[in-house]
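Q: Please explain how helix crossings and chain contacts are read from a model.

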Amino acid sequence: MSSLLARALIAWRLELRLLVRHWAYPLLLAAWSAFVIYVFRDQAVISPEAALNRDLGHFSIGISSLAALLLGAAGAGRSQRTRFASLEESYPTGAEVLLGRWLAGVVALLPTQVAAVAIAGRAGPASSLWRGLPTFVLEATITVAFCTAVGWLLVSWLGPRRWVYPLLAGGWLGCLGLPVFLGRRNLGIPGAELLDFMRSDTGSYEELWGRLFEGALPVWFNLFYAGLAALGVALVVARVAARRRRRAPLVPAALALAALVVAAASATAYVQQVRAWEARAVDRGKPRPLPGPGDLATAAVETIDAWEIAVDLTDPASPRFDARFTLRNAGSEPITAATLTLHRDLAITMSSLPYARDGDVLTLTLSEPLAPGATRDLRLAYAGPIWAFIAGFDQTPYPVTFTAADGVRLAHSGGWYPVPGRMLAPPDWSEPTHPPAAFHLAVTVPEGWGVFSNLPATGDTTFASERATWVVLFASPRLRTEQVGASTIVAPEALLPRARALVPDYEALLADLARYFPGPAPKGLTFAVLDTLPGTAAYTPPAGDQPLVIMSGTTPRDLKKYPLNRRYVMGDALAADLWGLAGGAPELPFLFHVVQESLWARHVAGGDPERFRREVTDALGGGQADPAVVALAKIEARRGEDGVRQVIARMIAEQQTLRGLAPAELAAWIEEAGGAR
Amino acid sequence: MEIVIEDLRKYYGAVRALDGVSLHVPGGMFGLLGPNGAGKTTLMRILVTLLAPTSGRVTVGGIDVMREPARVREILGYIPQEFGFYRSLTAYEMLDYIGTMKRIPPRARKRQVEAVLEEVNLTADAKRRIGTYSGGMKQRLGIAQALLGDPALLVVDEPTAGLDPEERIRFRNLLVRISGRRTVLLSTHIVADVEASCTGLAVLRQGRIAFAGTPEELVERARGRVWQLEVEPGEWEAVAARVQVVSSRTVGGRLQLRVVADENPLGRGVPVEPGLEDGYLAVSGTTLREGMLTHV
Ligand SMILES: Nc1ncnc2c1ncn2[C@@H]1O[C@H](COP(=O)(O)OP(=O)(O)O)[C@@H](O)[C@H]1O
Ligand SMILES: [Mg+2]
């Protein structure tokens, strides 16, 4: 046994040496690394782990698969090319030499991944790199092992022929199109992207949730290719063994069979998961009647004045909720039943009133009629996993609300707490969910988890607001909260440094913009860098007295280079919150738009009138400026920031009467209000 | 180490490379003589387990080559007709690797590698890359690798084919020196290769054994059938058609021939003492053209 191992090791060592010392090897490494560096020279990378798990890592693995095919073929054919084969085959050796040499090919190719790791390493904290590295190395190894095995298999079948190389390279080039042809968008075969051995399907890593959205797919994918790699090697071994031992190669054949079973079982499991996932998405993605803007406040006679909800995430995959809430009859007639909305997946374990459910609609039967204006305290306990999907880019189901062992994301429209009326909103609903009400939220999470809610925090895992119109709850082992002066930042660990670095910019801009709004200027902000945004209310209106900004982790790193992103995640986000904090209604976007447009142009122009003119005309395009925006600018020119503040204050005070004004009429109103006429 | 071959056949489609070969090699240095295409390489590749026969049986030291090829490889040293090494390695590295493959324990390996290098006189060049070696040096390295592990059986396939005359003689001497207690099976189409050294030999012709015995017995096959005679250039065609011409040279405008024939050719031949080559020609029926080509 030990001498068997020794032979495998020596064969491995010699093969590695022959490969690495070949003149083409450094060239290959240099070319591959240069290609990776060239392609990713200035692409934004979220974090080292994200980079390794997404585009950069998969690109690097993808192109090294070509090198693996060629190197595998070269290694397999060497003995015959050099005519060493007839000597070699007369030696008393077995499969161990083959295995050693194949493994050497795999090891020799791993350095092609160094460039990717280096680029990733520069993108963020080392802890993130260390977290991403093992998976990346494992996946690179599996792909390379598979491709090397394919190269070996081909050469051991066809012999060491020169045309094998162009054949392999051509086949590889052909496979570049695989994801396009096989993607769910095109052929519609579930799980077809399993054939994408280059991993060019970038997967769906998110900084906050890791690869949670892929579920067990990566495991099945990797097992599938590990199985195929083993199958390839076992076939080569079986072939050689049959010839050399003059016996049916029972052991290698059994191994090949086992590898085949692993690959087939993994493929089946993969397809099953894709199917299950899609079925869930189809079920949840059914179109529902949408409430119109502003309907929510008047839609139902039932109103809830206050919530007090305890969420137990000790088992994050199946949370338990204990909700106490105050129901009020906002109608003019007494009611005997209350219609609420609660996600259908949540199983009610306790209710202070008898209830009936129809999908997401929950009807509570009141024991005695509730007079108009009267209130009643109710309690509801419920539990269970809830998931809600939207169709993501390329139609893959994308969960917006989910409860999983690795993270919990409860979107504001997810129906995770009882909402008055039939609030049948789609999962990516972006309006507030209910009229302003008190909301107290207490969360229990597993050790080391962080929690985020749009409500102001009153402790590590408690939140409270007296005028909440929407509530989200995110919990993840990666989530961190940090106090920076008067501001609070919430972000996955790897993105904290980026968030921290942006706080001074935000605070400066906040001070600049706050001068134009009535009331005291807010001190600091709550700034969260989370994953992608569906499932939060547009412009994330604050429920406390600080602006709340949620930025996507995929936002470009250097905002100065991307003025549009900068305006969106900084200017618009802050202006919207200042507008809301001053009492501006979110359902009157055209009013807010004038303010936002004018203030941002002013901010960017920094006192340069020509620049200002260009900003406001560019914003609409076609060389046209919004007359209302121009009017507001005129007020500032004449009466300074006090004048503008007064106009905005009046605008908010009279907002309901301004509904429906045309831009020219609004401009006239502004000039009148600002005393410019 | 005794080799027993029984009714061995190897067909490549319609080509009968071996057509019922039975042979007993008692040991010592044994020559397998035959023209190109006679089936020597085929026979040897079967013997060293690289090739499966169509039918028949071969045992080496009692081990069935077909049933237990792995055991045969353990006692084998093989120098194929054509072979090569990894050109970027030095002879030492290459032999060290082969030593591992031949299951020589690490402690004995270094010593053995040095010993075989010394044996084939490559010690001085052991640290040079094999890519820089001449044909003769590579051939000697081939012997060195075969000697590793001290095999009881050495199988050598046409070792002198690519060598110049001087290298060829040195090579023969080397073979004789290393044969020692081993069984050496040497195939060649050059009579001189086996003449000096072999204790036994067989002649293979079109896949069949035409002769098996000692060199002396092969010489006896030609006794009384070897003649010397002089002919006019114009008579050549007629003579060559009827008898086997061993050699010919021009003397004063006439041709002096050495021929193998049952009867005195043209009635003017002078009987001469037979040699091994005459015996080979007598049993193999090779024509002049080949005979001349093979005459060194
Ligand atoms: N792989 C093969 N396929 C077909 N014919 C072959 C093959 N190898 C050898 N032969 C034929 O078998 C015969 C014997 O060949 P070989 O054993 O190489 O003879 P020798 O070594 O005596 O020159 C020749 O006619 C040769 O053409
Ligand atoms: Mg031959």
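**Helix crossings and the chain interface**

Q: Is the crossing of H7(A) and H8(A) left-handed or right-handed?
A: Right-handed is the hand of the crossing of H7(A) and H8(A); the near helix is turned clockwise from the far one by less than a right angle, whereas anticlockwise would be left-handed. The model is predicted, with local features needing pLDDT of at least 70 and side-chain atom pairs 80 or more, while totals for chains, interfaces and linings use all residues. Residues count from 1 along each chain as written, chains are lettered from A and ligands numbered from 1 in written order, and side-chain values use heavy atoms, without hydrogens or water.

Q: At what angle do H7(A) and H8(A) pack?
A: Helix H7 (residues 114-121) and helix H8 (residues 126-158) of chain A (DSSP runs of H or I, at least four residues, numbered from the N terminus) pack at about 160°, with axes 11 Å apart. Axes are fitted to C-alpha atoms over the stretch in contact, and angles run from 0 to 180 degrees between N-to-C directions. H7(A) and H8(A) are therefore roughly antiparallel (over 145 degrees; under 35 is roughly parallel, 65 to 115 roughly perpendicular, the rest oblique).

Q: Which residues of H7(A) and H8(A) meet?
A: Ala116(A), Val117(A), Ala120(A) and Gly121(A) of H7(A) meet Leu129(A), Leu133(A) and Phe136(A) of H8(A) (heavy atoms within 4.5 Å). This contact of H7(A) with H8(A) has six nonpolar, one polar and no charged residues (nonpolar: Ala, Val, Leu, Ile, Met, Phe, Trp, Tyr, Cys, Pro; charged: Asp, Glu, Lys, Arg; polar: the others, Gly among them).

Q: How do the axes of H18(A) and H20(A) cross?
A: The axes of H18 (residues 627-653) and H20 (residues 663-673) of chain A come within 8 Å and cross at roughly 55°, which makes H18(A) oblique to H20(A). Their crossing is left-handed. By class, the contact of H18(A) with H20(A) has 14 nonpolar, no polar and four charged residues.

Q: What area do chain A and chain B bury between them?
A: About 2,700 Å² is buried between chain A and chain B, 60% of it on carbon and sulfur atoms (accessible area, 1.4 Å probe, lost on being put together, summed over both parts). Tyr91(A), Pro92(A) and Arg246(A) supply 25% of the area that chain A buries against chain B, more than any other three residues. In this interface, 25 residues of chain A are in contact with 31 of chain B.

Q: How many salt bridges are counted between chain A and chain B?
A: Two salt bridges are counted between chain A and chain B (a Lys or Arg side-chain nitrogen within 4 Å of an Asp or Glu carboxyl oxygen). Arg83(A) and Glu82(B) form a salt bridge through their side chains, at 3.9 Å from N to O.

Key
Helix = DSSP H or I, 4+ residues; strand = E, 2+ residues; numbered from the N terminus. Buried area = accessible area lost by both parts, 1.4 Å probe.
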